[in-house]
Amino acid sequence: MTAAPEAGWAAGLGDSLRAPGPGVRGAPTKARSSRRPHRPRTGGVASTQTPPSTPDRVREATMEQCACVERELDKVLHKFLTYGQHCEQSLEELLHYVGQLRAELANAALQGTPLSATLSLVMSQCCRKIKDTVQKLASDHKDIHSSVSRVGKAIDRNFDSEICGVVSDAVWDSREKQQQILQMAIVEHLYQQGMLSVAEELCQESTLNVDLDFKQPFLELNRILEALHEQDLGPALEWAVSHRQRLLELNSSLEFKLHRLHFIRLLAGGPEKQLEALSYARHFQPFARLHQREIQVMMGSLVYLRLGLEKSPYCHLLDNSHWAEICETFTRDACSLLGLSVESPLSVSFASGCVALPVLMNIKAVIEQRQCTGVWSHKDELPIEIELGMKCWYHSVFACPILRQQTSDSNPPIKLLCGHVISRDALNKLINGGKLKCPYCPMEQNPADGKRIIF
């Protein structure tokens with residue numbers, strides 16, 4: 001998330017919204033990343049308890065709100081279950097009672113005897129019982145309606161229904177563009193999760209044209225993953241061999257792990273597969289330098305093959321967790337090779353939005369209270385910095401030490417001849433008479449000599 005240039009406004013929010021500044025005031029800045037490791041202070045007694053970060057606090061508050069709604073929902077589900085059981089039992093008893101009365105009436109009609117006073121009383125009691133049972137079931141059904149309404153009130157109490165009003169419409173593109181981007185993100189998520197038929201149906205109903213080149217990587221990955229889930233290594237091995245050179249460039253051990261898993265399957269076959277396992281061990285030769293220790297372990301397990309690996313020191317080789325590991329390794333390396341993210345952009349955006357949304361709603365309240373609606377007008381910036389946690393750190397960012405704002409594509413970082421780095425906007429403001437004097441050292445230079453830096 002990037003910070004808006006209105007640093008003075010952000011500082012004026014006070015205690016209600018405390019925004020950390022994007023730079024260190026007064027310090028000479030080289031090409032510096034905002035992803036700095038935490039350095040504990042020397043001297044003194046360090047605290048044994050680390051205070052929770054902002055994303056953790058927001059996540060805990062959100063989970064507590066969800067738990068409140070879930071408790072009300074559990075009450076409704078319990079009432080539905082209890083009502084269903086009670087209703088079924090009451091109706092069965094009533095049907096049994098009416099069935100007995102009907103049999104008695106039929107018997108009296110066959111004998112031609114007039115209706116006795118006792119039978120008339122029983123009929124009156126039966127009608128009264130039917131009426132009372134129906135009224136009781138209707139009353140219990142009304143109680144369920146009140147419980148359902150309490151779930152809605154709990155949702156309204158714990159969640160803001162005006163989420164769409166957090167930002168103005170001017171921040172986003174046109175509604176058609178929004179809809180198209182959202183549909184494409186959902187389709188990509190469905191393809192990545194293996195829900196191919198659902199994705200195709202969505203494309204047809206939304207008239208979204210998806211290129212076959214876009215689908216092909218997902219189709220291939222899902223086909224191989226389905227085979228791995230069925231413990232079929234053939235498609236994955238064929239794919240790894242065909243992409244061997246590119247996998248080596250990524251320092252991937254996928255092909256070795258696939259060969260190792262196939263070797264372990266042969267070991268699980270017992271002494272009858274010993275010769276086949278020894279013959280297959282030749283596939284380990286290209287990996288001997290990097291995986292010597294693991295190969296030695298597998299070859300050593302052959303000693304216990306006749307006695308059974310299950311009761312040997314090598315029993316860990318038969319652990320089923322190797323199949324889950326190979327699926328994760330294949331997904332990670334294949335996505336990296338094909339330029340895809342391991343997690344779908346939709347799931348990452350949703351998780352980030354759950355963390356950022358409460359903060360944005362607080363910003364909206366402060367903006368409305370202070371009547372400064374024109375502060376947030378940039379599409380690619382937020383008015384303050386929002387901490388999403390290290391899981392959402394995908395690249396480094398640079399903050400200009402002069403203007404106190406993060407650089408962007410339109411305002412990139414520029415390296416001066418002296419080695420200091422500032423933003424392009426700061427460089428343009430520091431030009432005086434066609435010359436530029438570095439704000440941190442007395443070196444004068446030509447502004448055209450500055451070089452753009454890409455982190």
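L208 is buried, with a relative accessible area of 11%. In this predicted model, L208 belongs to the loop that joins α5 (196-205) to α6. Leaving out residues up to four places away in sequence, L208 touches Q180, Q183, M184, V187 and C203. One of these partners, M184, stands 24 residues from L208 in sequence, while the two C-alpha atoms are 7.8 Å apart in space.

**Packing of α4 and α13**

Two packed helices are described by the angle between their axes and the distance between the axes. Helix α4 (residues 175-192) packs against helix α13 (residues 345-370) at an angle of about 115°, and the axes are 8 Å apart. Angles of 65 to 115 degrees count as roughly perpendicular, and α4 and α13 are therefore described as roughly perpendicular to each other. On the α4 side, the contact involves A185, I186, E188, H189 and Q192. On the α13 side, P345, L346 and S347 take part. The residues of this contact divide into four nonpolar, three polar and one charged.

**Nonpolar cores**

In soluble globular proteins, nonpolar side chains tend to be buried together. The largest nonpolar core of this model has 38 residues. Within this core, the residues with the most contacts are L228, W239, L258, F263, L267, I326 and F330. Two or more residues come from each of the elements α6 (212-229), α7 (234-242), α9 (254-268), α10 (274-280), α11 (292-300) and α12 (321-338). Helix α9 gives the most to this core, with eight residues.

L258 illustrates how the parts of the chain come together. Setting aside neighbours within four places in sequence, L258 is in contact with L228, L233, A236, L237, A240 and I326. Apart from the largest core lies another core, of ten residues. Among the residues of this other core are V166, A356, I363 and L388.

**The end of α6 and the loop after it**

A227 lies in helix α6 and is buried, with a relative accessible area of 9%. Not counting residues up to four places away in sequence, A227 touches D232 and P235. The loop between α6 and α7 holds Q231. Q231 counts as partly exposed, at 35% relative accessibility.

**Positive phi values**

Most residues other than glycine have a negative phi, and most peptide bonds are trans. Q231 has a positive phi, near 60°, and is a residue other than glycine. R404 also has a phi near 60°, again a positive value in a residue other than glycine. R404 is found in the loop between β1 (399-400) and β2 (405-406). Is R404 buried or exposed? R404 is buried, with a relative accessible area of 14%.

**Salt bridges**

Side chains of opposite charge can pair when their charged atoms come close. A search of the whole structure finds nine salt bridges. The table gives some of them, with the N to O distance and the relative accessible area of each partner.

| Salt bridge | N to O distance | Relative accessible area |
|---|---|---|
| E64 and R71 | 3.6 Å | E64 43%, R71 45% |
| K273 and E276 | 3.5 Å | K273 35%, E276 42% |
| D333 and R332 | 3.6 Å | D333 9%, R332 42% |

In the pair of E64 and R71, E64 is partly exposed, and R71 is partly exposed as well. The pair of K273 and E276 shows a like setting, for K273 counts as partly exposed and E276 is also partly exposed. In the pair of D333 and R332, D333 is buried, whereas R332 is partly exposed. The value for D333 is 9%, and residues under 20% count as buried.

Methods:
Residues numbered from 1 in each chain as written. Predicted model: local features only at pLDDT ≥ 70, side-chain atom pairs only at ≥ 80, totals over all residues. Heavy atoms only, no water. Axes fitted to C-alpha atoms, helices over the stretch in contact; angles between N-to-C directions. Helix = DSSP H or I, 4+ residues; strand = E, 2+ residues; numbered from the N terminus. Parallel < 35°, antiparallel > 145°, perpendicular 65-115°, else oblique. Contact = heavy atoms within 4.5 Å. Nonpolar A, V, L, I, M, F, W, Y, C, P; charged D, E, K, R; others polar. Salt bridge = Lys/Arg side-chain N within 4 Å of Asp/Glu carboxyl O. Buried < 20%, exposed > 50% of the residue type's maximum accessible area, 1.4 Å probe, protein only. Core = buried A, V, L, I, M, F, W, Y, C linked by side-chain atoms within 4.5 Å.
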